[in-house]
Amino acid sequence: MKRYLYKIIDFPHFDNENGSLAIFQPKDVPFNIKRVFTITDTKSGSTRGGHTHHKTIQVLVCIRGGCIVDFDNGKAKKSIALNKPYRGLVLYPYVWHTMRNFKPNTVLLCLANTKYSEKDYIRTYEKFLNCLKSTK
Ligand code: T46
């Protein structure tokens, strides 16, 4: 099975000396959006994520501030700094991801293709590696 690692989407945006406007429309997202959530008020030094999903695909956008997202598919690893209010990082199922180095007042917007279900999460790296073996 081909395992995608990530994709970057630069959403349409208009920036001028009076400010910036970014536009998030379903047509620019590679799945049907079923859920939108935000991550805010992260403390200095905190990390979030540290899991992956069976089915959920997500787009993460730091609409304010910034953070680093570390992710891997069990083979390739990558880190991306998200710090532009129009830049989306698409994370696919079976991509282990962790967010860290949050700048003060960061607002991370997440669009997802699933309703929330704890059963969709894999929350230990060992289980993740075992799932990769069993879904080859
Ligand atoms: C992800 C990263 C980028 C819900 O009840 N409903 C929801 O839709 C979500 C997203 C979370 N929750 C509950 C589950 C936990 O009790 O909120 C609590 C915190 O969730 P979690 O520890 O998973 O948060 P993060 O920031 O580590 O991860 C979140 C998403 O859960 C996850 O899908 O990929 O953001």
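**Exercise 1. Polar contacts of the ligand**

Task: Determine how far a polar side-chain atom of Y121 lies from an oxygen atom of the ligand, and place this contact in its surroundings.

Solution.

Step 1. The distance from a polar side-chain atom of Y121 to a ligand oxygen atom is 2.5 Å. This falls under the term polar contact, a pair of N or O atoms within 3.5 Å; within protein, one must be able to donate a hydrogen and the other to accept it, and residues adjacent in sequence count only if both atoms are side-chain atoms. The model is predicted: local features need pLDDT of at least 70, side-chain atom pairs count only at pLDDT 80 or more, and totals for chains, interfaces and linings use all residues. Residues are numbered from 1 along each chain as its sequence is written, and side-chain values use heavy atoms, with hydrogens and water left out.

Step 2. R48 places a polar side-chain atom 2.6 Å from an oxygen atom of the ligand. For H51, an N or O atom of the side chain is 3.0 Å from a ligand oxygen atom.

Step 3. The ligand taken alone exposes 650 Å², of which the protein buries 68% (accessible areas by the Shrake-Rupley method with a 1.4 Å probe; for residues, only the protein chains shown count as cover).

**Exercise 2. The shell around the ligand**

Task: State which residues come nearest to the ligand, and which strand gives the most to its shell.

Solution.

Step 1. There are 14 residues around the ligand, and R35, R48, Q58, H97 and Y121 come nearest. A residue is near a molecule or strand if one of its heavy atoms lies within 4 Å of it.

Step 2. Strand 5 gives the most, with four residues. Strands (E, at least two residues) are DSSP runs, numbered from the N terminus.

Step 3. By class, the shell holds six nonpolar, five polar and three charged residues. Here Ala, Val, Leu, Ile, Met, Phe, Trp, Tyr, Cys and Pro count as nonpolar, Asp, Glu, Lys and Arg as charged, and the others, Gly among them, as polar.

**Exercise 3. Strand pairing**

Task: Describe how strand 2 and strand 3 pair, and give the order of the open sheet of five strands.

Solution.

Step 1. Strand 2 (residues 13–16) and strand 3 (residues 19–22) are antiparallel, with four bridges; two strands pair if DSSP finds at least two bridges between them. D15 has S20 of strand 3 as its bridge partner, and a hairpin of two residues joins the strands.

Step 2. The open sheet is ordered 1-9-6-11-4, with antiparallel pairing. Its edge strands, strand 1 (6–10) and strand 4, each pair on one side only.

Step 3. Within this sheet, strand 6 and strand 11 (residues 107–112) share six bridges, and V61 is partnered by L109 of strand 11.
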